[in-house]
Amino acid sequence: MAKTPSPDVSPPVDEKRASFEREALVHLDVLYRVALRLSGNPSDADDLVQETMLKAYRAWDQYEKGTNAKAWLLTILRHAFINEYRRRTRHPETVNLDKIEPYAVFPDVQDEDPQGAFFDRIVDDEVLRAIDQLPVAFRETLVLSDVEGMSYQEIAGILEIPVGTVKSRLFRARQQLQGKLYEYAVEMGYIKGSPA
Amino acid sequence: MNCRECVEHLYEFLDRELTPELEREIRDHLEDCPPCGEQYDFEELFLKFLRARCRTQGAPMELKKRVLRELFGE
């Protein structure tokens, strides 16, 4: 005998909520850190995370449970950021990434501090400030990889760029960041540095 | 594998994004070449430092509450 059809075909609200809490809300810290680096201030980061979570909850039926919720949420967050950013700025950042010269710090510190001990003296805020000075394309790649530990493939999916581009952006983002932190360390006297 | 090639692939090696063959070539080179080995140590330390410095912050409690309120009316 056929079962009596359930009066409501969509999953019960409690079930939706439970799976959302289990798979999505656990990534709130990641979303906030990425939002903060993208937007540059806590109030915009709050709004961005809020918007992301609302959109994600509304679209939760479209997400294939148990796949990669973190990447899915970050894609939503990034789209929200781009829309907001484009709306607000008439002249979005126009940095020619290819014109940024690669710069390796290691040869400069090889003799004086090959272990990179000077890094240890640089505090959190200073590192975050240096990251925020990177062009957005470098910044988002570096944060997803080096702060949140995502793979090249995952980053390529979120940023909608080829894996080769992830690789080259990451390489140059790390070098540029190292260069900034090195300059700062020289300025602060944490390391003598080689004369310019 | 020469030093230039090794340094070029160093980040991919650290990120464990290389094919097993290339990974082996880099590993062999690093064992035989002290300067590249030093650079490997330096870059590895830099990445650990970066992660440690940037992950201390999480979403503020107020935001967590706000999200729950918006989503579930709590």
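## Two helical chains and their contacts

Chain B has a radius of gyration of 20 Å, where a compact globule of 74 residues would have one near 11 Å; the radius is taken over C-alpha atoms, and the globule rule is 2.2 Å times the number of residues to the power 0.38. This is a predicted model, in which local features need pLDDT of at least 70 and side-chain atom pairs count only at pLDDT 80 or more, while totals for chains, interfaces and linings use all residues. Residues are numbered from 1 along each chain as its sequence is written, and chains are lettered from A and ligands numbered from 1 in the order in which they are written.

**Chain B**

The C-alpha trace of chain B spans about 60 × 25 × 15 Å along its principal axes. Its secondary structure consists of 5 helices and 0 strands, and the order from the N terminus is α-α-α-α-α. Helices (H or I, at least four residues) and strands (E, at least two) are DSSP runs, numbered from the N terminus. Of the 74 residues, 23% count as buried. A residue is buried if 20 or more other C-beta atoms lie within 10 Å of its own, exposed if 12 or fewer, and partly exposed in between, with C-beta atoms placed from the backbone.

The loop between α2 (10-14) and α3 (20-32) of chain B holds B:Arg16. This residue is not a glycine, and its phi is positive, near 55°. B:Arg16 counts as exposed, because it has 9 C-beta neighbours inside 10 Å.

**Chain A**

Chain A contains 9 helices and 0 strands, arranged along the sequence as α-α-α-α-α-α-α-α-α. Of its 196 residues, 35% count as buried. Among the contacts in chain A with a separation of 6 or more, 71% join residues 24 or more positions apart; two residues are in contact if their C-beta atoms, placed from the backbone, lie within 7 Å.

Helix α8 (residues 152-159) of chain A packs on α9(A) at an angle of about 105°, and the two axes are 8 Å apart. The two helices are therefore roughly perpendicular to each other. On the α8(A) side the contact involves A:Tyr152, A:Gln153, A:Ile155 and A:Ala156, which meet A:Val163, A:Val166 and A:Lys167 in α9(A).

The loop between α8 and α9 of chain A includes A:Glu160. Although A:Glu160 is not a glycine, its phi is positive, at about 55°. A:Glu160 is exposed, with 10 other C-beta atoms within 10 Å.

A further packing pair in chain A is that of α6(A) and α9(A), whose axes come within 9 Å and cross at roughly 130°. These helices are therefore oblique to each other, and α6(A) passes α9(A) in a right-handed crossing. From α6(A), the residues in contact are A:Glu126, A:Val127, A:Ala130 and A:Ile131, while α9(A) contributes A:Leu177, A:Lys180, A:Leu181 and A:Tyr184.

Axes are lines fitted to C-alpha atoms, for helices over the stretch in contact, and angles run from 0 to 180 degrees between N-to-C directions. Angles under 35 degrees count as roughly parallel, over 145 as roughly antiparallel, 65 to 115 as roughly perpendicular and the rest as oblique. A crossing is left-handed if the near helix is turned anticlockwise from the far one by less than a right angle, and right-handed if clockwise.

**The interface between the chains**

Contacts link 27 residues of chain A with 27 residues of chain B. On chain A, at least two residues each are supplied by α2 (28-39), α3 (42-58), α6 (124-132), α7 (136-147) and α9 (163-187). The largest share of this side, 6 residues, comes from α3(A). By class, the side of chain A that touches chain B has 15 nonpolar, 4 polar and 8 charged residues.

Across the interface, α3(A) and helix α5 (residues 61-72) of chain B have axes that come within 10 Å and cross at roughly 30°. The crossing of α3(A) past α5(B) is right-handed. It brings together A:Asp46, A:Val49, A:Gln50, A:Met53, A:Leu54 and A:Tyr57 of α3(A) with B:Leu63, B:Arg66, B:Val67, B:Glu70 and B:Leu71 of α5(B).

The table gives the residue classes of the helix contacts. Ala, Val, Leu, Ile, Met, Phe, Trp, Tyr, Cys and Pro count as nonpolar, Asp, Glu, Lys and Arg as charged, and the others, Gly among them, as polar.

| Helix contact | Nonpolar | Polar | Charged |
|---|---|---|---|
| α3(A) with α5(B) | 7 nonpolar residues | 1 polar residue | 3 charged residues |
| α8(A) with α9(A) | 5 nonpolar residues | 1 polar residue | 1 charged residue |
| α6(A) with α9(A) | 6 nonpolar residues | no polar residues | 2 charged residues |
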